[in-house]
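The following exercises are to be worked with the sequence and the structure in view. Each task is followed by a stepwise solution.

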Amino acid sequence: MSSQEVVFISGATGFIAQHIIKLLIEAGYKTIGSVRSEEKGEDLKSLLKSGGLKSELFSYVVVKDIGAKGAFDEALKTHPNITVFLHAASPVTFEVADIEKDLLNPAVEGTINALNAIKEYGKNVKRVVVTSSYAAVAGFADLATPGKEVNEDSWNPITREQALTNPFLGYIGSKKLAEKALWKYVEDNKPQWEITVVNPVFVFGPQAFEVKDKSKLNASNEVINSILTAGKKKEEPQQYASYFIDVRDVAKAHVLAFEKKEAAGQRLIVSEGPFTSGEIYDIIVEDFPKLKSEIPRLDKSKGPKFEDSESIVNNEKTRKILGFKFIDLRKSVDDTVAQLQ
Ligand code: NAP
């Protein structure tokens with residue numbers, strides 16, 4: 001791949017997408033992002049500029065709702081020179097009124113709308129990368145199979161009916177159903193482009209640019225932020241035991257996913273390793289001693305045990321394809337907390 005490529009990325013304002021855009025621009029790729037409003041596009045452009053990046057390499061298109069029929073048609077009609085399409089947009093929230101309308105439809109229809117637009121108007125597209133999730137790979141909560149090995153061939157057993165039972169399972173189900181729809185589309189349509197799917201676990205790490213509102217971060221970083229803000233908010237943080245990856249590594253994986261031939265046709269489970277909220281708490285109080293008095297002590301006995309709740313991830317294949325060492329938990333937590341201070 002050369003820097004002559006024109007890369008499109010959906011959901012450009014997102015936590016992960018902003019890091020991807022940063023890497024794309026640093027590598028000299030002309031980048032077009034979809035955002036939900038002109039205001040959000042202008043904000044992002046000014047963040048890139050103030051971050052010292054060549055903002056002239058970035059432009060945006062407005063796609064208000066990826067789930068609306070034909071959502072990406074105009075974007076591809078206007079930019080027929082797009083050669084790489086990254087689909088990162090999807091609702092990442094557990095606060096929804098209607099699981100079907102607010103989670104499942106935008107995730108599944110959003111993916112199909114992107115692929116249909118490429119089919120109709122994206123004749124120069126050679127590579128497509130879709131951000132799926134570990135949620136598509138392994139079961140969570142009642143659907144978890146603790147101790148079972150999962151790898152790049154594994155699928156979460158969750159069904160559409162189970163996904164409709166609560167917003168947490170709704171998000172998990174939205175990712176599995178969207179990825180299933182994607183592979184079916186590839187199978188049925190035999191497109192001219194090659195596909196890579198990135199399946200991140202919990203993504204931690206600093207935001208790509210300055211954070212204006214520190215009271216609530218993107219869903220995954222709330223695992224860390226809720227420990228930091230527990231005192232002020234007088235809210236006991238929900239505790240987790242799962243797998244993590246740093247956002248800077250997730251971004252790198254998306255870029256390598258279209259740059260590397262070996263990544264074509266693959267699912268990439270980007271996971272560095274396990275974490276518990278208790279470990280995150282320990283890292284924070286060890287590395288930021290002045291915070292110790294501000295943060296309520298975390299009662300680790302109330303947290304889930306990793307061995308009772310999680311499958312065993314074997315992502316050797318992904319690590320070999322990507323070929324770089326992932327950031328460890330301490331650095332990921334330290335850099336996240338340092339940015340919030
Ligand atoms: P994020 O910060 O919430 O970003 C999501 C992006 O999608 C935002 O730009 C959002 O726009 C956009 N979006 C959501 N619904 C939309 C809709 N209906 N129409 C148009 N745009 C819409 O989340 P993230 O953590 O960066 O997640 C990015 C991708 O990674 C998602 O596909 C997510 O499922 C996947 N993922 C994330 C994690 C994680 O731990 N963070 C783990 C595994 C997979 P607005 O902000 O303007 O609403």
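A polar contact is a pair of N or O atoms within 3.5 Å; within protein, one must be able to donate a hydrogen and the other to accept it, and residues adjacent in sequence count only if both atoms are side-chain atoms. The model is predicted, so that local features need pLDDT of at least 70 and side-chain atom pairs count only at pLDDT 80 or more, while totals for chains, interfaces and linings use all residues. Residues are numbered from 1 along each chain as its sequence is written, and side-chain values use heavy atoms, with hydrogens and water left out.

**Exercise 1.** Identify the polar contacts of the ligand with isoleucine 66, lysine 40 and arginine 36.

*Solution.* Step 1: a polar backbone atom of isoleucine 66 lies 3.0 Å from a nitrogen atom of the ligand. Step 2: the side chain of lysine 40 places an N or O atom 2.6 Å from a ligand oxygen. Step 3: for arginine 36, a side-chain N or O atom is 2.9 Å from an oxygen atom of the ligand. Step 4: the ligand taken alone exposes 890 Å², of which the protein buries 86% (accessible areas by the Shrake-Rupley method with a 1.4 Å probe; for residues, only the protein chains shown count as cover).

**Exercise 2.** Describe the shell around the ligand by class.

*Solution.* Step 1: the shell comprises 14 nonpolar, eight polar and five charged residues. Here Ala, Val, Leu, Ile, Met, Phe, Trp, Tyr, Cys and Pro count as nonpolar, Asp, Glu, Lys and Arg as charged, and the others, Gly among them, as polar. Step 2: at least two shell residues come from each of α1 (15-26), α6 (167-189) and β8 (202-204); helices (H or I, at least four residues) and strands (E, at least two) are DSSP runs, numbered from the N terminus.

**Exercise 3.** Which residues does tyrosine 134 contact, leaving aside its neighbours within four places in sequence?

*Solution.* Step 1: contact means heavy atoms within 4.5 Å. Step 2: with those neighbours left aside, the partners of tyrosine 134 are Phe140, Val150, Asn199, Pro200, Val201, Tyr243, Ile269, Glu310, Ser311 and Val313.

**Exercise 4.** Where is lysine 190 found, and is lysine 190 buried or exposed?

*Solution.* Step 1: lysine 190 belongs to the loop between α6 and β7 (194-200). Step 2: its phi is near 40 degrees, a positive value in a residue other than glycine. Step 3: most residues other than glycine have a negative phi. Step 4: lysine 190 is exposed, at a relative accessible area of 60% (buried means under 20%, exposed over 50%, partly exposed in between; 1.4 Å probe, protein chains only).
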